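This report walks through one protein model, feature by feature. Please keep the sequence and the 3D view at hand while reading.

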Amino acid sequence: QVQVVESGGGLVHAGGSLRLSCAASPTVFRVKAMGWYRQAPGKQRELVATIRSGSDTTYADAVKGRFIISRDIAKNTAFLQMNNLKPEDSAIYYCSARGDFGGISGLEYWGQGTQVTVSS
């Protein structure tokens with residue numbers, strides 16, 4: 001019943017930018033925190049960035065200073081602005097949404113991912 005959908009991936013040259021979006025629905029799912037993760041071929045899924053209800057953010061060291069996570073509370077949506085992209089950023093990017101639904105707190109849902117490819 002709860003759905004999380006990512007969009008905005010694509011192909012970009014090194015040094016370029018992309019903005020990913022993550023929308024969680026329905027709105028009765030009270031999102032408290034959202035995060036972006038990525039998985040490259042042959043590697044484990046890793047945290048990229050998170051944003052919590054108080055707008056506190058965390059970033060992986062590899063993306064600090066280049067990526068910015070934000071959210072639109074009214075639209076139950078999170079964004080990942082990716083600047084100065086590098087080939088090593090190429091991966092499938094996944095969104096997670098954590099919140100309350102049906103009287104239960106601490107639930108987490110995942111999207112199915114969006115591909116980001118950065119060429120040299």
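Which residues have the most contacts inside the largest nonpolar core?

## The nonpolar core

The model is predicted. Its largest nonpolar core has 30 residues. Those with the most contacts inside it are Met34, Trp36, Val48, Phe67, Leu80, Met82 and Tyr93. Seven elements need naming here: strand 3 (18-25), strand 4 (30-39), strand 5 (46-52), strand 7, strand 8, strand 9 (91-101) and strand 11 (114-119) give two or more residues to this core. Strand 9 gives the most, with five residues.

Tyr93 shows how such a core residue is surrounded. Beyond its neighbours within four places in sequence, Tyr93 is in contact with Trp36, Val48, Phe67, Leu80 and Met82, among others. The list also includes Glu6, Leu20, Tyr37 and Arg38. Gly113, Thr114 and Val116 are further contacts of Tyr93.

## The four-stranded sheet

Strands 1, 3, 8 and 7 form an open sheet, in the order 1-3-8-7. The pairing is antiparallel. Strand 1 and strand 7 stand at the edges. Each has a single partner strand, so one side of each is left without a neighbour in the sheet. Neighbouring strands of this sheet are turned by 15° against each other on average, direction ignored.

Now the pairings. Strand 1 and strand 3 run antiparallel and are joined by five bridges. Across that pairing, Val4 stands opposite Ala24 in strand 3. Strand 3 also pairs with strand 8, again in the antiparallel sense, over six bridges. There, Leu20 has Leu80 in strand 8 as its bridge partner.

In a regular strand the side chains alternate between the two faces of the sheet. Strand 1 (residues 3-7) follows that pattern. Val4 and Glu6 point to one face and are buried. Gln3, Val5 and Ser7 point to the other face and are not buried.

## The disulfide

How many disulfides does the structure hold? The structure holds one. Cys22 and Cys95 form it, with their sulfur atoms 1.9 Å apart. Cys22 sits in strand 3 and Cys95 in strand 9. The two are 73 residues apart, so the pair links distant parts of the chain.

The torsion about the S-S bond is about -80°, so the disulfide of Cys22 and Cys95 is left-handed. Are the two cysteines buried or exposed? Cys22 is buried, with a relative accessible area of 0%. Cys95 is buried at 0% relative accessibility.

## Asn76 and Asn84: positive phi

Phi of Asn76 is near 55°, a positive value in a residue other than glycine. Asn76 is placed in the loop between strand 7 (67-72) and strand 8 (77-82). Why does Asn76 count as buried? Its relative accessibility is 9%, and the cut-off for buried is under 20%. The side chain of Asn76 reaches the backbone oxygen of Phe29 at 3.3 Å. Leaving aside neighbours within four places in sequence, Asn76 is in contact with Cys22, Ala23, Ala24 and Pro26. Thr27, Phe29, Val31 and Met34 are also contacts of Asn76.

Asn84 has a positive phi too, near 50°. Asn84 is in the loop between strand 8 and strand 9. At 42% relative accessibility, Asn84 counts as partly exposed.

## Pro26 and Phe101

The peptide bond from Ser25 to Pro26 is cis, with omega near -5°. Pro26 lies in the loop between strand 3 and strand 4. Pro26 is one of the contacts of Asn76, and one of the residues that Phe101 touches.

Phe101 is found in strand 9. With 17% relative accessibility, Phe101 counts as buried. Not counting residues up to four places away in sequence, Phe101 touches Gln1, Val2, Pro26, Val28 and Phe29, as well as Leu107 and Tyr109. How far apart in space are Phe101 and Gly111? Their C-alpha atoms are 17 Å apart, for a separation of 10 residues in sequence.

Definitions and conventions: Residues are numbered from 1 along each chain as its sequence is written. This is a predicted model: local features need pLDDT of at least 70, side-chain atom pairs count only at pLDDT 80 or more; totals for chains, interfaces and linings use all residues. Side-chain values use heavy atoms; hydrogens and water are left out. Buried means under 20% relative accessible area, exposed over 50%, partly exposed in between (1.4 Å probe, protein chains only). A polar contact is a pair of N or O atoms within 3.5 Å; within protein, one must be able to donate a hydrogen and the other to accept it, and residues adjacent in sequence count only if both atoms are side-chain atoms. Contact means heavy atoms within 4.5 Å. A nonpolar core is a set of buried Ala, Val, Leu, Ile, Met, Phe, Trp, Tyr and Cys residues joined through side-chain atoms within 4.5 Å. Two strands pair if DSSP finds at least two bridges between them. A disulfide is a pair of cysteine sulfur atoms within 2.5 Å. Axes are lines fitted to C-alpha atoms, for helices over the stretch in contact, and angles run from 0 to 180 degrees between N-to-C directions.
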